[in-house]
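Please examine the model shown here with attention to its ligand shell, its strand pairing and its nonpolar core.

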Amino acid sequence: MSQAEATRAPVAGAAALPVIWAEGLSKSFGAFTAVDGISFQVEAGEIFGFLGANGAGKTTAMRMLCGLLTPTGGAATVAGFDVRREPEAIKRRIGYMSQKFSLYEDLTVRENIRFYGGVYGLRTAAIRAKTGELLGRLGLATERDTLVGSLPLGWKQKLAFSVALLHDPAVVFLDEPTGGVDPITRRQFWDLIYETAARGVTVFITTHYLDEAEYCDRVSIMVDGRLDALGTPAGLKQQFGAATMNDVFLHLARGAKNRE
Ligand SMILES: Nc1ncnc2c1ncn2[C@@H]1O[C@H](COP(=O)(O)OP(=O)(O)OP(=O)(O)O)[C@@H](O)[C@H]1O
């Protein structure tokens, strides 16, 4: 750990500091502004939904918060670290799961856990302990030597989510984690999300399923790179006079220009 990290870490752990803080965060590609000055804060243990139509700027914003893309304007910190100056420190404190970044299909369940444990820098004894705990929690103990490629998609998603948490990150970023599975399997996945948030991990999630927006503590909706709405599901429905989050979303997305 560098001197700078050593001095900042206790500050990052302070209960009063938001886990994610963004102020006027922007990203332009040439003349095109993909993220246009977004400001918000997310607290420890909060489930924060990040919604928007295709092309609204969600992935770009998320990549900046993960320390993968340098902002062209504004500022943000994640787990107390600056996205511009300390991206490597951020990468060590976050978990990330998307449909694209998945597990190795030709490795077994146990081999995948061991591999990612190594990537996250965990020691062998810690990986062994985590593997047992994780397989027990997921009810996957009997499948530990099964190739991941032969597991149902819902199981793969749960395993990928748990693997993203192996190194006890402060925040886990989930990019459309439940795509392609049925509502019951999605609901089971959300049980895991709730358990994780209850342990104090912040969950930042993008989804195209508007019923899932109802499960979040707070939801933000991006339109053309801006955050046009931010609040609890109940508060947003009240604000927009809508019966469902789907109606809130349609109300806002209807005026969007940047649609893919
Ligand atoms: N590297 C890039 N160069 C130029 N334009 C880009 C680049 N990356 C993203 N964009 C543009 O920025 C806009 C926002 O893209 P982004 O992927 O962030 O949207 P999104 O909300 O995540 O959409 P989706 O739900 O489809 O993933 C789009 O118009 C996209 O074409």
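The report below treats these three topics in turn.

This is a predicted model, in which local features need pLDDT of at least 70, side-chain atom pairs count only at pLDDT 80 or more, and totals for chains, interfaces and linings use all residues. Residues are numbered from 1 along each chain as its sequence is written.

The ligand is surrounded by 13 residues, a residue being near if its C-beta atom, placed from the backbone, lies within 6 Å. The closest are Phe29, Ala34, Asn54, Thr59 and Thr60. H2 provides the largest share, three residues, and strand S2 (32-42) and helix H2 (58-65) each supply at least two. Helices (H or I, at least four residues) and strands (E, at least two) are DSSP runs, numbered from the N terminus. By class, the shell holds four nonpolar, seven polar and two charged residues.

Two strands pair if DSSP finds at least two bridges between them; two pairings involving S4 are listed.

| Strand pair | Sense | Bridges | Partners |
|---|---|---|---|
| S1 (residues 20-29) and S4 (residues 73-78) | antiparallel | five | Ile20 and Val78 |
| S4 and S5 (residues 81-82) | antiparallel | two | Thr77 and Asp82 |

S4 and S5 form a hairpin with two residues between them, and Ala79 in the turn has a positive phi of about 55 degrees.

The largest nonpolar core (buried Ala, Val, Leu, Ile, Met, Phe, Trp, Tyr and Cys residues joined through C-beta atoms within 7 Å; buried means 20 or more other C-beta atoms within 10 Å of its own) has 63 residues. Helix H6 (residues 153-163) gives the most to this core, with five residues. Leu65 and Val78 are among the residues with the most contacts inside the core. Leaving aside neighbours within four places in sequence, Leu65 is in contact (C-beta atoms, placed from the backbone, within 7 Å) with Ile20, Ala76, Val78 and Val83.

Key:
Ala, Val, Leu, Ile, Met, Phe, Trp, Tyr, Cys and Pro count as nonpolar, Asp, Glu, Lys and Arg as charged, and the others, Gly among them, as polar. A residue is buried if 20 or more other C-beta atoms lie within 10 Å of its own, exposed if 12 or fewer, and partly exposed in between; C-beta atoms are placed from the backbone. Two residues are in contact if their C-beta atoms, placed from the backbone, lie within 7 Å.
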